[in-house]
Amino acid sequence: MDPFLALLHSFSLSLSGNELSSLKFLCRDKIGKRKLEAVQSGGELFTILLEQQLIASDKVSFLEGLLESINREDLVSQLKQFVEEGEVNPPDDQPDVHEKRLQDAAIEVICENVGRDWKMLVRKLGISEVKMDRIVAANPLNLHEQLVQSLREWRKWKGKDAKVIDLIKALRACNMNLVADRVEQKLLLLNTGTR
């Protein structure tokens, strides 16, 4: 499924009747009156905008303007995330708050302590060579940032299945036991409420 169409579909489902009416009104200078009157859903409106090439996966400024006009900053931020990352994870596919906090702490420790061997670790986590190459190309000569982005990519890819224990297992599988121990110490501190 085209990720952009999936995004538009999720937008369509979240629009209220009033918001749809407002969007139709804002499109009056772009779409004929008869066509607009026939529109019953966000999906139908987005289909017309796609057909008229007013929006596309690489052309979102018009859509962004529409969403800002109806004060749907939540949808605007999803759209911006799509543009930055090429895809959007639905909110229910994210790790819970506690798990995310543990992962943030673990990632911080890993990035401070893993050096040149970061690719071995990231491979163990299942990130493809192609993705790694893309991350390296985007952050040349910045080892720390390459690792940060790779771990973020892993978390995004795994969604709610991303577990901090998997990071520790991958570290141990790469014989990075000292780093794994440091991660566990940091998590212990977090879980007992001190830093």
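## Exercises on helix packing and buried residues

**Exercise 1.** Determine which residues Gln 146 touches, not counting residues up to four places away in sequence, and whether Gln 146 is buried or exposed.

*Solution.* Beyond its sequence neighbours up to four places away, Gln 146 touches Trp 118, Ile 135, Val 136, Asn 139, Pro 140 and Leu 141 in this predicted model. The residue itself is found in helix H10. Its relative accessibility is 8%. Buried means under 20%, so Gln 146 counts as buried.

**Exercise 2.** Establish how the axes of helix H7 and helix H11 are arranged, and identify the residues that make the contact.

*Solution.* Step one concerns the axes: those of H7 (residues 97–113) and H11 (residues 164–173) come within 9 Å and cross at roughly 25°. Step two applies the cut-off, by which angles under 35 degrees count as roughly parallel; the two helices are therefore roughly parallel to each other. Step three lists the participants. H7 contributes Glu 99, Leu 102, Gln 103, Ala 106, Ile 107 and Ile 110, while H11 contributes Val 164, Leu 167 and Leu 171. By class, the residues of this contact comprise 7 nonpolar, 1 polar and 1 charged.

**Exercise 3.** Describe the largest nonpolar core and state which helix gives the most to it.

*Solution.* The largest nonpolar core has 31 residues. Those with the most contacts inside the core are Ile 110, Val 114, Leu 121, Leu 167, Leu 171 and Val 183. At least two residues each come from H7, H8 (118–124), H10 (143–158), H11 and H12 (177–191). H7 gives the most, with 7 residues. Apart from this core lies another, of 26 residues, including Leu 15, Leu 36, Val 39 and Phe 46. As background, nonpolar side chains tend to be buried together in soluble globular proteins.

**Exercise 4.** List the contacts of Leu 167, leaving aside neighbours within four places in sequence.

*Solution.* With those neighbours set aside, Leu 167 is in contact with Ala 106, Ile 107, Ile 110, Leu 125, Leu 151 and Trp 154. Of these partners, Ala 106, Ile 107 and Ile 110 belong to the H7 side of the contact with H11.

**Exercise 5.** Find how many aromatic pairs the whole structure holds, and classify the geometry.

*Solution.* A search of the whole structure finds 1 aromatic pair. The ring centres of Phe 4 and Phe 82 are 5.5 Å apart and the planes lie at 40°, so the pair is tilted. The pair links distant parts of the chain, 78 residues apart: Phe 4 is in H1 (residues 3–14) and Phe 82 in H6 (residues 73–85). Both Phe 4 and Phe 82 are buried.

Technical notes. Residues are numbered from 1 along each chain as its sequence is written. This is a predicted model: local features need pLDDT of at least 70, side-chain atom pairs count only at pLDDT 80 or more; totals for chains, interfaces and linings use all residues. Side-chain values use heavy atoms; hydrogens and water are left out. Axes are lines fitted to C-alpha atoms, for helices over the stretch in contact, and angles run from 0 to 180 degrees between N-to-C directions. Helices (H or I, at least four residues) and strands (E, at least two) are DSSP runs, numbered from the N terminus. Angles under 35 degrees count as roughly parallel, over 145 as roughly antiparallel, 65 to 115 as roughly perpendicular and the rest as oblique. Contact means heavy atoms within 4.5 Å. Ala, Val, Leu, Ile, Met, Phe, Trp, Tyr, Cys and Pro count as nonpolar, Asp, Glu, Lys and Arg as charged, and the others, Gly among them, as polar. A nonpolar core is a set of buried Ala, Val, Leu, Ile, Met, Phe, Trp, Tyr and Cys residues joined through side-chain atoms within 4.5 Å. Buried means under 20% relative accessible area, exposed over 50%, partly exposed in between (1.4 Å probe, protein chains only). Rings of Phe, Tyr and Trp (its six-membered ring) pair if their centres lie within 6.5 Å; planes under 30 degrees apart count as stacked, over 60 as edge-to-face and the rest as tilted.
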